[in-house]
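Trainee: I should like to learn how to read a sheet and a single residue in a protein model. May we work through an example together?

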Amino acid sequence: MWNTMLRAAVAGALAAGVLGGCRDTDRSASLGPDSSIGLKLEQTTRSIVAGEIVTVTARTENLLGRDASIRWLAPGGDLQTEQNGRTARVRYDQPGTYTITAQLFADEREVRRDQVTVRVNPLP
């Protein structure tokens with residue numbers, strides 16, 4: 001019973017913005033009732049030359065000790081992850097515009113998703 005009451009209290013505090021603060025804007029997609037959980041991607045650059053690498057870092061908030069993981073999608077690129085999956089390094093060999101997506105999972109359920117766009121220019 002106390003466990004249920006504690007969960008309700010924490011959920012109420014999160015909804016009120018008491019724990020973890022509030023976000024000004026949020027461009028990532030919410031995929032369920034965990035609207036307090038945040039995911040924001042930061043990329044080193046928006047434009048690279050074919051063969052170069054772009055680094056994208058996932059910033060999360062309000063996970064409150066949940067078992068969390070990030071899955072990356074980078075169609076057309078060679079993807080490597082670091083820092084326990086929080087950083088993705090993607091190399092594109094062909095010119096074009098590509099989207100890199102991060103899916104945030106909490107307790108084995110996708111709760112947030114965000115993406116960035118990278119323009120790959122041809123070699124000079």
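Mentor: We shall discuss the sheet and then one residue, Arg86. This is a predicted model, in which local features need pLDDT of at least 70 and side-chain atom pairs count only at pLDDT 80 or more, while totals for chains, interfaces and linings use all residues. Residues are numbered from 1 along each chain as its sequence is written, and side-chain values use heavy atoms, leaving out hydrogens and water.

Trainee: In what order do the four strands of the open sheet lie?

Mentor: Strands of a sheet pair through backbone hydrogen bonds, either parallel or antiparallel. Here a strand is a DSSP run (E, at least two residues), numbered from the N terminus, and two strands pair if DSSP finds at least two bridges between them. The order is 2-4-7-6, with antiparallel pairing. Strand 2 (38-43) and strand 6 are the edge strands, each pairing on one side only.

Trainee: How many bridges join strand 2 to strand 4?

Mentor: Six bridges join strand 2 to strand 4 (residues 53-61). Within this pair, Glu42 stands opposite Thr57 of strand 4.

Trainee: Where does Arg86 lie, and why does Arg86 count as partly exposed?

Mentor: Arg86 belongs to the loop between strand 6 (78-82) and strand 7 (87-91). Buried means under 20% relative accessible area, exposed over 50%, and partly exposed in between (1.4 Å probe, protein chains only). Arg86 counts as partly exposed because its relative accessibility is 25%.

Trainee: With which side chain does the side chain of Arg86 make a polar contact?

Mentor: The partner is the side chain of Thr60, at 3.0 Å. A polar contact is a pair of N or O atoms within 3.5 Å; within protein, one must be able to donate a hydrogen and the other to accept it, and residues adjacent in sequence count only if both atoms are side-chain atoms.
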